[in-house]
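Before you set up any calculations on this model, please read through the following points alongside the coordinates.

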Amino acid sequence: MRKTTVVAAALAGAALLAGAAVSASAAGTPPAALALARQTLPAGDGWASDTTGTTGGSAADAGHVFTVRTRDELAAAVAGDTPKIVFVSGGIDANAGYSCADYADPAYSLDAFLAAYDPAVWGRATKPTGPLEDARVRSAKNQGLRVNIKVGGNTTIVGLGGSKITGANLLIDKVDNVILRNLRLEDAHDCFPAWDPTDGALGNWNSLYDTVTVTGATHVWADHNNFSDGNNTDDTQPQYFGRPYQVHDGALDVIRAADLVTISWNNFFDHDKTMLIGSSNTVGADVGKLRVTIHHNRFANVGQRVPRVRFGQVDVYSNYFYATDEDSYSYSWGVGVYASVHAENNFLLRSADLPLDAVVYDWRGTAPGAITELGTATRIGTGPVSSVNLVAEYNATHEPDLPATTWVPTLRAAAPDPATAVPALVTAKAGAGKLGF
């Protein structure tokens, strides 16, 4: 019997069993980890500290402190809104026991899909429809049942030393008060990317899963984590229809009226579509939301969306941008419709082949959107450090100019570090494994 015919049933059974699996306490957890899990976001530390602040599961009682070692234990432990602390131990693979072939619907094959929707056959005017596209969608749904892990409100998830979560999409959906710290998160790959011949001039393959998705949620703090594609980077994928078969979406996306998010002291590396803030150009629920602070992160050889912003007031300060792979680089700061971006005291290490006017990109169309930039420093390799204004570099070679914002950030625990100090500071302190255990 083909394994896909029992995927849903197997997942349902696993969910029932997992409740008992996570009943074990956090006995043996390092004291430093237990102390860390009780920490809350400091006052004034970015947008997630606004209004009620972000406390995660710090108030969890002893019966809601869990250590998890499998995908099913993790999914059960993070569910619901009761205050809880979840420690991740060892390697958790969301796809453990399942391959892409196992998720595939019996009516789907990639070869048949490619033959049916080749632009020479299907054309480029409309998106795929019909039995093979329906089978691809069913296949993706099978995988989604396994890799989408919904995180409830009032939750703190902490990675223990040497732990890693692979292949999962942590989905923080319409809940409040979540903290993610010291996690190593890798390779949330999509086995069944969608082909859209209408996406751009040549069409594109688009994948479904982010590593972390913050959608409609509030008060989220992601701190001292590592995000990457592991050994399954998109540049190793084949090309179909002359376009990269991209199997990853965002590393950490904030979308659909999510609000009050602080992203601090993380490492993002070897990924393309890194951070999307706002997923639609449509004026609606996103207005007045999507307020995000991004500080003291390291973005190393990531391709684009660092971040790409629509609508939100986004504070980007004291980050280290490491862009030395020009072959995979598109841009860093994307200014979209109604975006209000304040970028201050950031540092850009770049290749000599990366022009300064390529770092900023205008996604506004005819809608408003603005960016203010202060105190940026840059260098090529080990060469001298110089001051630069990347927005001015963009405006000098593009029309129309990107205007400056009128909004000034106030929610900062301390003044931004000087840009020249950022590389050493962020390299030493950002990412998983830097919190003392």
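1. In this predicted model, the torsion about the S-S bond of C100 and C191 comes out at about -70°, so the disulfide is left-handed. The two sulfur atoms of C100 and C191 are 2.0 Å apart, and the structure holds one disulfide. As a reminder of the chemistry, a disulfide is a covalent bond between the sulfur atoms of two cysteines.

2. As for where this bond is anchored, C100 belongs to helix α4 (residues 100-103), while C191 sits in the loop between β9 (184-186) and β10 (194-196), so the pair ties together parts of the chain that are 91 residues apart in sequence.

3. Are the two cysteines buried or exposed? C100 has a relative accessibility of 33% and therefore counts as partly exposed, whereas C191 has 11% and is classed as buried, the cut-off for buried being under 20%.

4. UniProt, in an unreviewed entry, places the feature "domain: Pectate lyase" at residues 103-354. Over that stretch the chain is 12% helix and 37% strand, and the C-alpha atoms at its two ends are 41 Å apart.

5. A side chain to examine is that of N142, a residue of helix α7 (residues 131-147), which reaches the backbone oxygen of Y103 at 2.9 Å. N142 counts as buried because its relative accessibility is 15%, which falls under the 20% limit.

6. Helix α7 also takes part in a helix pair, since its axis and that of helix α5 (residues 110-117) come within 10 Å of each other and cross at roughly 140°. Why are α5 and α7 described as oblique to each other? Angles over 145 degrees would count as roughly antiparallel and those from 65 to 115 as roughly perpendicular, and the crossing angle of roughly 140° belongs to neither class, so the two helices are oblique. The crossing in which α5 passes α7 is left-handed.

7. Finally, D249 lies in the loop between β16 (243-244) and β17 (252-255), and with a relative accessibility of 16% it is counted as buried. D249 and M275 are separated by 26 residues in sequence, and their C-alpha atoms are 9.2 Å apart in space.

Technical notes. Residues are numbered from 1 along each chain as its sequence is written. This is a predicted model: local features need pLDDT of at least 70, side-chain atom pairs count only at pLDDT 80 or more; totals for chains, interfaces and linings use all residues. Side-chain values use heavy atoms; hydrogens and water are left out. A disulfide is a pair of cysteine sulfur atoms within 2.5 Å. Helices (H or I, at least four residues) and strands (E, at least two) are DSSP runs, numbered from the N terminus. Buried means under 20% relative accessible area, exposed over 50%, partly exposed in between (1.4 Å probe, protein chains only). A polar contact is a pair of N or O atoms within 3.5 Å; within protein, one must be able to donate a hydrogen and the other to accept it, and residues adjacent in sequence count only if both atoms are side-chain atoms. UniProt positions are given in the numbering used here, feature names are shortened, and annotations may be inferred rather than shown by experiment. Axes are lines fitted to C-alpha atoms, for helices over the stretch in contact, and angles run from 0 to 180 degrees between N-to-C directions. Angles under 35 degrees count as roughly parallel, over 145 as roughly antiparallel, 65 to 115 as roughly perpendicular and the rest as oblique. A crossing is left-handed if the near helix is turned anticlockwise from the far one by less than a right angle, and right-handed if clockwise.
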